[in-house]
Amino acid sequence: MSNSMITKFDVIERIVQEVACGNCPSLIISGPAGVGKTFTVVKSLSQYISDIAPLTGIDVHFSVLSGTITPINLFKKLYACREEGSILVLVDMDSVLSNEV
């Protein structure tokens with residue numbers, strides 16, 4: 001992996017941790033398949049939850065949603081994750097944009 005790719009993933013890890021601690025409301029990561037976007041996000045969130053979150057007193061947790069979903073079911077999942085400390089990671093959710101219902 002090139003130094004520029006390592007640097008980009010370091011930046012992603014830092015921004016993901018900002019999302020996890022509530023300093024950034026959302027994050028969109030886009031790029032070619034198979035370069036490690038999802039792996040980096042999940043690794044960063046897991047590390048934050050085990051190392052930093054216990055010090056804040058906030059119950060931080062995340063879930064990963066991928067694949068096909070209807071807009072209504074996506075809304076239900078977003079609603080279920082509305083509480084502080086709840087993070088929803090959406091992976092390859094292009095199908096939502098093509099659904100009419």
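**Note on a predicted model: fold, cores and largest pocket**

1. Read from one end of the sequence to the other, the protein follows the pattern α-α-α-β-α-β-α. That makes up a secondary structure of five helices and two strands. The model is a predicted one, and the points below should be read with that in mind.

2. The protein has 101 residues, and 27% of them count as buried. Among contacts with a separation of 6 or more, 66% are accounted for by residues 24 or more positions apart.

3. The largest nonpolar core holds 12 residues: F9, I12, V16, A20, V41, L45, Y48, A53, V60, I87, V89 and V91. Two or more residues of this core come from each of α1, α2 and β2. The largest share, four residues, is given by α1. As background, nonpolar side chains in soluble globular proteins tend to be buried together.

4. A20 is a useful residue to inspect in this core. Setting aside residues up to four places away in sequence, A20 touches L45, Y48, V60 and I87. Apart from the largest core lies another core, of six residues, including L65, I69, L74 and C81.

5. Is C81 buried or exposed? C81 has a relative accessible area of 14%, so it is buried, the cut-off being under 20%. C24 has a relative accessibility of 22% and therefore counts as partly exposed.

6. How many disulfides does a search of the whole structure find? The search finds zero. C24 is in no disulfide, and the nearest cysteine sulfur, that of C21, is 9.2 Å away. A disulfide would need the two sulfur atoms within 2.5 Å, which is why this pair does not count.

7. Two residues of helix α2 may be looked at in turn. T40 is placed in this helix, and with 6% relative accessibility it counts as buried. Not counting residues up to four places away in sequence, T40 touches F9, I12 and E13. Of these contacts, F9 and I12 belong to the largest nonpolar core.

8. I49 also has its place in helix α2. Its relative accessible area is 24%, so I49 is partly exposed. Leaving aside neighbours within four places in sequence, I49 is in contact with P54, V60, H61 and F62. For one of these, H61, the C-alpha atom is separated from that of I49 by 7.1 Å, with the two residues 12 residues apart along the chain. V60, another of the contacts of I49, is listed in the largest nonpolar core.

9. The largest pocket contains about 1,200 Å³ of space. Its lining is made up of 41 residues, and those nearest its centre are L27, I28, L88, V89 and L90. V89 is also a member of the largest nonpolar core.

10. Which elements each supply at least two residues of the lining of the largest pocket? They are α1 (3-20), α2 (37-51), α4 (71-80), β2 (86-91) and α5 (94-98). The most is given by β2, with six residues. By type, the residues of the lining divide into 26 nonpolar, 10 polar and five charged.

Note on methods. Residues are numbered from 1 along each chain as its sequence is written. This is a predicted model: local features need pLDDT of at least 70, side-chain atom pairs count only at pLDDT 80 or more; totals for chains, interfaces and linings use all residues. Side-chain values use heavy atoms; hydrogens and water are left out. On a 1 Å grid over the protein atoms alone, a cavity is a set of points where a 1.4 Å probe fits but cannot get out, and a pocket is an open set with protein on both sides within 12 Å along at least five of seven lines; lining residues have an atom within 4 Å of a point. Grid points are joined across faces, edges and corners, and a volume is the space filled by probe spheres set on the points. Ala, Val, Leu, Ile, Met, Phe, Trp, Tyr, Cys and Pro count as nonpolar, Asp, Glu, Lys and Arg as charged, and the others, Gly among them, as polar. A nonpolar core is a set of buried Ala, Val, Leu, Ile, Met, Phe, Trp, Tyr and Cys residues joined through side-chain atoms within 4.5 Å. Buried means under 20% relative accessible area, exposed over 50%, partly exposed in between (1.4 Å probe, protein chains only). Contact means heavy atoms within 4.5 Å.
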